[in-house]
Amino acid sequence: MNVVVCVKQIPDPAAPSSLDPTTHNLVRTGKLILDDSDSYGVEMALQLAGQVEGSEVTLVSMAPGGEVSGLRTALAMGAAKAILVSDDALAGSDALGTAKVLAAAIRRAQPDLVLAATESTDGYTGTLPVQVAELLGMPSVTFAKSVAVEGSKVVVERQTEAGYDEVECPLPAVVTVTAGVVEPRYPSFKGIMAAKSKPVDTLTISDLGIDPSEVGATGARQGIVQVAEAEARSAGEKVVDEGDGAQRIVAFLEQIKVI
Amino acid sequence: MFQWTDEQQAIRDAVRRFVAEEIEPHVEELEHGDMAPYDVMRKMYATFGLDQAARAGFRQMLDRKQSGDAPRSRRPGDSRAAMTLIPIIEICHHCPGIVTALGVSTGLAGGTIMKRGTPAQMERWGLDLLTLDKIGAWAITEPDSGSDALGGMKTSARRDGDEYVINGNKTFITNGPYADTVVLYAKLDDGSDTPVRDRRVLTFVLERGMEGFEQSKPFRKMGLHSSPTGELFCTDVRVGRDRLLGETEDEPGGGGRQSAKDNFVTERAGVAAMALGVIEQCLKLSVAYARDRLLWGKPIGDFQLIQLKLARMEVARLNVENLVFRHIEMSEAGQSLTLAEASAMKLYSAQAATEVAMDAVQLFGGNGYMSEFRVEQLARDAKVFQIYAGTDEIQVTHIARDLLGR
Ligand SMILES: Cc1cc2nc3c(=O)[nH]c(=O)nc-3n(C[C@H](O)[C@H](O)[C@H](O)COP(=O)(O)OP(=O)(O)OC[C@H]3O[C@@H](n4cnc5c(N)ncnc54)[C@H](O)[C@@H]3O)c2cc1C
């Protein structure tokens, strides 16, 4: 079974970040790391691949400057190889542009199953995986809290507000996993040392046969018009317990429909 | 080398995550004796595949010994030093005691058996120590001889037919209270009138529960609480030649005295890495505190006397880091530090760590004296760096002897 995981390499959320003043895009210079939310997809892929003899996990990523740091982290966890698309023409791509690139790269890996996070930690559009599925002509199942491969179909417990749906669909398919569904493994020291010699196939858009006018800032149909400061949080209401503290908190929670 | 490579950073990040998830939340229990360090150590080994790596390394060492080849010395490109030192640095951000317990068990006890033991002894005791299936102790120090451990040693091994009868006490022994396997040094008593000082030092392997062999409860100490330290008592402990390391009194490698000294360079380089961990953490906590703590309406970092403390901490960090990098780079080039160099490195690093940690306590004021703010523990822990693995004064003698003997 070929399992492909889409992984995003993002600026370290713990480090100070900035937005480009004209494009409003996140500045992506410096070392990028594996998006934490993708570590769940990688773990899920490794677990599924571990259940079927002869399976392999391939990573697919699009990043500027030939960045591989985040890929190495996932390779150290146990993925076999990676495809990286890196091209100056991709700067400013919107979600659909990115989906076109990833879909073209994923197709090369001939996947039986494609996993992705529900959304990235830096952009949060949450639209990319379904666009990729559409472009690949595959069914997609989102918000998986468990994934099992049974023969030629995938069985998913799909998180909903009320609980979960049980969904089945034929392979190949695209499935997005929510954070926290599995415990991402630690890479072993041996895995870390081995990661540097695992193959990373670095491609440009012309390698993928993509027309530059369809991607990057030129091809983008989506743009950031304005960035505004988040509204400062107003002070909450203090409940001073005069014997009725519990009732007042319950009443408040009912009022905002939490309980 | 002036910075960690990408792989080394990846190892550091992975260990850092482990420390944050598995050690930091338990520091209180580890410090107050509610939790022995051994389970955490084993979990770390299992998590990073170090037990498997130890097994593979063991096979190679055994093959080499069986085929009569010399133990593998450092070769160019050897990356083991960094892989060992990075976890030491990271764990010492929070818990130098774990590193001490781990280093003594695998490095000193396990390492000595692997170096000096016969293939049968390596299989019998070495493998389990390298994988942490068993915990080891390494016992040389005695109540009446610490710095003068070899000359002043009183523990004796009286030859009795093909056996030895061991009598004597050891003290300050890391893991002593809980060790399964103990490497113990004793003076040969062959019935001759050789003065005790000049007698041959032999190395034996004892095990928990042997008749006449007792292990004390852990001592109460100033710091390093997460590393149990105790006494060992031998009263007519009878051992066969199979427990004499190398199974001969005439060991080609220079006997027990040399066996003890062989450990000095690695041990001292290890202490420098521990010191770096303590310094990095104290500096990080101090910078944050200097920014946050407001007095007279401004952060204390604005005061020059606080700035001086921070600057001195940074100088110490850079110096100790450079010494650690130097050791790693030399190892990778297939070379090793001389004893005098290792002593200089340990002397400087131990003093720097103690000073930095005490300065951090001062910078934190009353909070620095409170355990919640962590620097007081690091200050108490750092002090031992100036005492074990050879006191500061003994490092001075080793450095001076080298300088003056040139
Ligand atoms: C937490 C801890 C763990 C330890 N773990 C182990 C262990 O696992 N195994 C083990 O065998 N030992 C262990 N030790 C013992 C340690 O190695 C000794 O404490 C150390 O070597 C010093 O010996 P001592 O305590 O007898 O001090 P002493 O040798 O009595 O020294 C007293 C003072 O005299 C100074 N001094 C000694 N000689 C000279 C000299 N020639 N010139 C000037 N000054 C001198 C010393 O520097 C010191 O300041 C441990 C100690 C501690 C504290």
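Visitor: How do the residues of the shell around the ligand divide into nonpolar, polar and charged?
Guide: This is a predicted model, where local features need pLDDT of at least 70, side-chain atom pairs count only at pLDDT 80 or more, and totals for chains, interfaces and linings use all residues. Ala, Val, Leu, Ile, Met, Phe, Trp, Tyr, Cys and Pro count as nonpolar, Asp, Glu, Lys and Arg as charged, and the others, Gly among them, as polar. The shell divides into eleven nonpolar, seven polar and one charged.

Visitor: Which residues are the closest to the ligand?
Guide: Residues are numbered from 1 along each chain as its sequence is written, while chains are lettered from A and ligands numbered from 1 in the order in which they are written. A residue is near the ligand if its C-beta atom, placed from the backbone, lies within 6 Å of it. Of the 19 that surround the ligand, the closest are G146(B), S147(B), T174(B), T391(B) and E393(B).

Visitor: Are the residues on the two faces of β1(B) buried or exposed?
Guide: Side chains in a regular strand alternate between the two faces of the sheet. Buried takes 20 or more other C-beta atoms within 10 Å of a residue's own, exposed 12 or fewer, and partly exposed lies in between, with C-beta atoms placed from the backbone. G136(B) and W138(B) on one side and A137(B) and A139(B) on the other are all buried.

Visitor: Which residue in β4(B) does W138(B) stand opposite?
Guide: Strands pair if DSSP finds at least two bridges between them. β1(B) and β4(B) pair in the parallel sense over four bridges. Opposite W138(B) stands V183(B).
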